[in-house]
Amino acid sequence: SLLRRPKQQFAAAMHRTLTLLALLSLSEGFRLPLSPSTRSPHTAAFAPSAALHGFLAGNALRRPEAKCGASPVSDGGARQARGKQGALRMNGDPQWYAFQGFNLGGWKGRALHIDPSTGEYTAPFVRDYTLDVVDSGAETASVVFSGEAGKDLEPLRTELVLAPDDDFDATEDGVYSHDSLMTSVPDVGFMASLAVELSLPISDTERVRATVLYDLAATLSRIIVYEETRISSEGEAAAPTERQPLSIDTLRGKYEGETSSRRSWRMGGGFLKFKSKGTLLYDGETQVRRESVMVDKQMNESRTVAWGETADAYSPIVRFSTGDVMLLLPSGCWISAPARLLDVEGKPIAPLSALDALRLVSQVDAAQAAIDLALGKTPEDAEVGMPRLAPGTSMQPFVVEFGCHLGENRIRTQRLYGQDGHVVSTTVSRDKSL
């Protein structure tokens, strides 16, 4: 928020903010936000270390870099539009301007519904559709899903408003991710307590999205893969590139690449780039070993290892000892996520219900208003931090990862969640097989 203000207001706003934090730190009831160094068995499996996510204060207020991804998609039209938007970033949400450059417009696709307990298709199996993503002003997008009629499917039309917030992440080469609580999703017959959407660009005119759904019992209950191609100005869209379903034999091996990470603004903000290396080993029967190594510019190294088990070389599921599952999906992609969301004591937990949120939001209004006042915000542009968990509840930090295997290359994005249920940081990696 400070970065969007005129330079002459920056020093005064910073002084008010630091003064407020100094006074609050003397108060018995004040607690600093969750440290990203908090770890759990889930974060140990695939998340970068606390040293890489816990950026120093000197880096926390850096202006967002022009390129967040490691290898931008070369879309001439989108790149020209992004150039015109450069002057707007200081007065708007940089995540919004990164998102709209690649993702606005019409898309034609097919939705593939996967049961995460088996890795197999589940009803309604496949749905063809068109998606219209339109700038509706005020840094929001209207997303209209128009499902086509099928053998056992009636036409379907839904609309939602996408409004980037601190849990929203986007890069200028087309990657984005966000989540929502207590929501319904087209063609899904249950209310999702948590829905995480992640999108990866495959080319200038193609992307693959995935939605990860947890039910009201905090259990991973549905994965939806969306294969999409851009609709041209003539109203035409090419068929999605045919890619084989991912297998453990295809995914195994060594790789290395570049990773960029963004820490949420409520945690201080900041961007970091580092080298990434990894290995996935498979013994040909049931045992799987995944290792990730990340090295920053100071050559600080973070190494994490996870052991998993699969039924055989053809199984679409790898279950790790951490409680995470890796689902090998159609279109050469994969999802890795906890099979169930747990609290710090290891008990199942669900995000805050809409009714509980309404009860609790008034409790955070006063504290948020004090911070907004220190930042010089007016009531019109103040952002209220909506609670996500019941009072006194802390959840085990966890990671949701979505990746696609593209020949010798891979692209993947991760969302690291903290004990309060909000995103701590996001990463985007582009790797090359060795």
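Four short exercises with worked solutions follow, based on a predicted model.

**Exercise 1. Helix α6 and Gln-95**

Task: Determine whether Gln-95 is buried or exposed, and find what its side chain meets.

Solution:
- Step 1. Place the residue. Gln-95 belongs to helix α6, which spans residues 94–103.
- Step 2. Read its accessibility. The relative accessible area of Gln-95 is 4%. Buried means under 20%, so Gln-95 is buried.
- Step 3. List its contacts, leaving out residues up to four places away in sequence. Gln-95 touches Phe-168, Asp-169, Ala-170, Arg-262 and Phe-271.
- Step 4. Look for polar atoms. A polar atom of the Gln-95 side chain lies 2.7 Å from the backbone nitrogen of Ala-170.

**Exercise 2. The cover and the end of α6**

Task: Work out how many residues of α6 are buried, and which residue with positive phi follows the helix.

Solution:
- Step 1. Count the buried positions. Ten of the ten residues in α6 are buried.
- Step 2. Name some of them. They include Pro-94, Trp-96, Phe-99, Gln-100 and Asn-103.
- Step 3. Move past the helix. Gly-105 follows α6, and its phi is positive, near 120°.

**Exercise 3. Two hairpins**

Task: Trace how strand β2 pairs with β1 and with β3.

Solution:
- Step 1. Start with β1 (residues 105–115) and β2 (residues 120–137). The two run antiparallel and are joined by ten bridges. One bridge pairs Ala-111 with Arg-127 of β2.
- Step 2. Inspect the turn between β1 and β2. Four residues separate the strands of this hairpin, and Gly-119 in the turn has a positive phi of about 80°.
- Step 3. Go on to β3 (residues 140–147). Eight bridges pair β2 with β3 in the antiparallel sense. Here Thr-130 has Ser-146 of β3 as its bridge partner.
- Step 4. Inspect the turn between β2 and β3. This hairpin has two residues between its strands, and Ala-138 in the turn has a positive phi of about 55°.

**Exercise 4. The nonpolar cores**

Task: Describe the largest nonpolar core, then the surroundings of Cys-404.

Solution:
- Step 1. Size the core. The largest nonpolar core has 35 residues. Among those with the most contacts inside it are Val-212, Ile-335, Phe-402 and Cys-404.
- Step 2. Find the main contributor. Strand β7 (residues 192–203) gives the largest share of this core, five residues.
- Step 3. Examine Cys-404. Leaving aside neighbours within four places in sequence, its contacts include Leu-200, Ile-202, Val-208, Trp-334 and Ile-411.
- Step 4. Look beyond this core. Another core of 24 residues lies apart from it, with Tyr-97, Leu-162, Tyr-176 and Leu-213 among its members. Tyr-97 is also one of the buried residues of α6.

Technical notes: Residues are numbered from 1 along each chain as its sequence is written. This is a predicted model: local features need pLDDT of at least 70, side-chain atom pairs count only at pLDDT 80 or more; totals for chains, interfaces and linings use all residues. Side-chain values use heavy atoms; hydrogens and water are left out. A nonpolar core is a set of buried Ala, Val, Leu, Ile, Met, Phe, Trp, Tyr and Cys residues joined through side-chain atoms within 4.5 Å. Buried means under 20% relative accessible area, exposed over 50%, partly exposed in between (1.4 Å probe, protein chains only). Contact means heavy atoms within 4.5 Å. A polar contact is a pair of N or O atoms within 3.5 Å; within protein, one must be able to donate a hydrogen and the other to accept it, and residues adjacent in sequence count only if both atoms are side-chain atoms. Two strands pair if DSSP finds at least two bridges between them.
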